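Subject: Structure handover

Hello,

Here is the structure for you to look through. My notes on it follow below.

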Amino acid sequence: FAHAHEWDRVNSGTWYGTALAILVWTVEPFAASVAVMVLGVADPAASLVGRRYGSIRIWRGKSLQGLLAFWLVASFVGLCVLLYFGPSLSMGTAVSVAILAGLFTALAETFMSFVDDNFTVPLISGWSISALVYCVYAMGLS
């Protein structure tokens, strides 16, 4: 299956596979798992909420409501995966990391329209949660 605009360009599946290949080599498995789950759950949630309730347009047809839905769902998914598969963190630290990583990914999904979001969303999600966990441990805040 392909969108009409993908008949003569690289399709979304190729972008997604490329992002996952990059993540396998650059982040821990828990961060790659967050990236997969965020694209699979938060991206459709943003689309659904944005199309149905998106009355405040902020960037190239994207809505504030869609951005907020993405952020909420990405944060929740990130927290669940982080708590179950990630390194040992206190609940407050895990929530903070998930909220920040969800925000970074929501902003990337909304404003990085020059590259397919099936590429940018997994990369930003995986890299941001990985970097934030690294910073937590480097600063001794776990």
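What pattern does the protein follow when read along the sequence? The pattern is α-α-β-β-α-α-α, which comprises five helices and two strands. The radius of gyration is 15 Å, close to the 14 Å that the globule rule gives for 142 residues, so the protein is as compact as a globular protein of that length. Please keep in mind that this is a predicted model.

Overall dimensions and packing

Taken along the principal axes, the C-alpha atoms fill a box of roughly 50 × 35 × 20 Å. Of the 142 residues, 41% are buried. Among contacts with a separation of 6 or more, 71% are between residues 24 or more positions apart.

The nonpolar core

The largest nonpolar core has 32 residues. Five elements give two or more residues to this core: α1 (12-26), α2 (29-53), α3 (64-85), α4 (91-111) and α5 (117-138). The largest share comes from α2, with nine residues. Which residues have the most contacts inside the core? They are Val38, Phe70, Leu82, Val97 and Ile129.

Ile129 can be followed further. Leaving aside residues up to four places away in sequence, Ile129 touches Phe30, Ala31, Val34, Gly78, Leu82, Val97 and Ala101. Two of these partners, Leu82 and Val97, are themselves on the list of residues with the most contacts inside the core.

The cavity

How many cavities of 30 Å³ or more are there? The count comes to one, and about 50 Å³ of space lies in it. The residues that line this cavity are Val34, Val38, Ala74, Gly78, Ala98, Ala101, Gly102, Thr105, Ser125 and Ile129. By class, the lining has six nonpolar and four polar residues, and no charged ones.

Helices α2, α3, α4 and α5 each supply at least two residues of the lining. Here the largest share, four residues, comes from α4, whereas in the core the largest share comes from α2.

The core and the cavity can be viewed together. Val38 and Ile129 have places among the residues with the most contacts inside the core, and both also line the cavity. Val34, Gly78 and Ala101 are touched by Ile129, and these three residues line the cavity as well. If you open the model at Ile129, its contacts with Val34, Gly78 and Ala101 are a convenient place to start.

Regards

How values were computed: Residues numbered from 1 in each chain as written. Predicted model: local features only at pLDDT ≥ 70, side-chain atom pairs only at ≥ 80, totals over all residues. Heavy atoms only, no water. Core = buried A, V, L, I, M, F, W, Y, C linked by side-chain atoms within 4.5 Å. Buried < 20%, exposed > 50% of the residue type's maximum accessible area, 1.4 Å probe, protein only. Contact = heavy atoms within 4.5 Å. 1 Å grid on protein atoms, 1.4 Å probe; cavity = no way out; pocket = protein on both sides within 12 Å on 5 of 7 lines; lining within 4 Å. Points joined across faces, edges and corners; volume = space filled by probe spheres on them. Nonpolar A, V, L, I, M, F, W, Y, C, P; charged D, E, K, R; others polar. Rg over C-alpha atoms; globule rule 2.2 N^0.38 Å.
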